[in-house]
Amino acid sequence: MNTLDHLRGEFTTPCPTLTAVRERYFPHIGTDRRLRQLITKGKIDLKLSKLHNSAKAQHVVYLQNLAAFLDRQAELVTQSA
C-alpha cells in the first residue's frame with residue numbers, strides 16, 4: 001500500500017480541509033493561519049488549493065499533494081539517517 005492509498009482510506013474526500021490535515025499531520029501547529037503562513041513562506045512544502053475563488057472558501061489539500069509531501073519528508077529522514 002502506498003502513501004496515497006493510505007490517505008484515501010483515512011480521509012473520506014479527495015481534498016480534505018486544511019484544518020483536518022493540520023489536526024492529523026501538524027498537531028504542533030496551533031492554527032490554520034499559522035500553517036498557511038509556514039506554507040506561504042516555503043517552510044512547509046505543501047500545496048494549498050481552494051475549491052472556488054471566494055475569499056471565504058476554505059483551503060483544502062488534495063490527497064496526491066499531501067502524499068507527495070509525506071513521501072518527500074520520509075525521503076529526507078532516510079537520507080539524514
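So, helices α1 and α4 are oblique to each other. This is a predicted model, by the way, so keep that in mind as I go through it. Helix α1 covers residues 3-10 and helix α4 covers residues 63-80, and their axes cross at roughly 130°, coming within 9 Å. If you like handedness, α1 passes α4 in a right-handed crossing. Who makes the contact? On the α1 side you've got Thr3, Leu4, Leu7 and Arg8. On the α4 side there are Leu63, Gln64, Leu66, Ala67, Leu70 and Asp71. Sort the residues of that contact by class and you get 6 nonpolar, 2 polar and 2 charged.

Let me stay on α4 for a moment and pick out Asp71. Asp71 lies in helix α4, and as I just said, Asp71 is one of the residues in the contact with α1. Buried or exposed, or something in between? Asp71 comes out at 39% relative accessibility, and since buried means under 20% and exposed means over 50%, Asp71 counts as partly exposed. For a sense of distance, take Arg34: Asp71 and Arg34 are 37 residues apart in sequence, and C-alpha to C-alpha they're 23 Å apart in space.

Still on α4, go along to Ser80, which is also found in that helix. With a relative accessible area of 64%, Ser80 is exposed. There's a polar atom on the Ser80 side chain that sits 3.2 Å from the backbone oxygen of Val77. And if you want another ruler across the model, Ser80 and Arg36 are 44 residues apart along the chain, with 27 Å between their C-alpha atoms.

Okay, next pair of helices: α2 and α3. How do these two sit relative to each other? They're roughly perpendicular. The angle is about 85°, and the axes are 10 Å apart, with α3 running over residues 32-40. In this contact, Leu18, Thr19 and Arg22 from α2 meet Asp32, Leu35 and Arg36 from α3. The class breakdown here is 2 nonpolar, 1 polar and 3 charged residues.

The residue I'd like you to click on is Arg22. Arg22 is in helix α2, residues 18-25. Now, Arg22 is an arginine with a relative accessible area of 12%, and that puts Arg22 in the buried class. So what does the side chain of Arg22 make a polar contact with? The partner is the side chain of Asp32, at 2.5 Å. Asp32 is also on the list of residues Arg22 touches, once you leave out anything up to four places away in sequence. The rest of that list is Pro27, Ile29, Gly30, Thr31 and Leu35.

Last stop, the strands. Ser49 lies in strand β1, which is residues 49-50. Unlike Ser80, which is exposed, Ser49 is buried, with a relative accessible area of 13%. Which residues does Ser49 touch, not counting those up to four places away in sequence? Those are Gln58, His59, Val60 and Tyr62.

That takes us to Tyr62, in the loop between β2 (59-60) and α4. Tyr62 is partly exposed, at 27% relative accessible area. Leaving aside its neighbours within four places in sequence, Tyr62 is in contact with Pro14, Cys15, Ser49 and Leu51. And going back to Pro27, which you'll remember is among the residues Arg22 touches: Tyr62 and Pro27 are 35 residues apart in sequence and 19 Å apart in space, C-alpha to C-alpha.

That's my tour, so let's open up the model and click around.

Notes. Residues numbered from 1 in each chain as written. Predicted model: local features only at pLDDT ≥ 70, side-chain atom pairs only at ≥ 80, totals over all residues. Heavy atoms only, no water. Axes fitted to C-alpha atoms, helices over the stretch in contact; angles between N-to-C directions. Helix = DSSP H or I, 4+ residues; strand = E, 2+ residues; numbered from the N terminus. Parallel < 35°, antiparallel > 145°, perpendicular 65-115°, else oblique. Left-handed = near helix turned anticlockwise from the far one by under 90°. Contact = heavy atoms within 4.5 Å. Nonpolar A, V, L, I, M, F, W, Y, C, P; charged D, E, K, R; others polar. Buried < 20%, exposed > 50% of the residue type's maximum accessible area, 1.4 Å probe, protein only. Polar contact = N/O pair within 3.5 Å; in protein donor to acceptor, adjacent residues only side chain to side chain.
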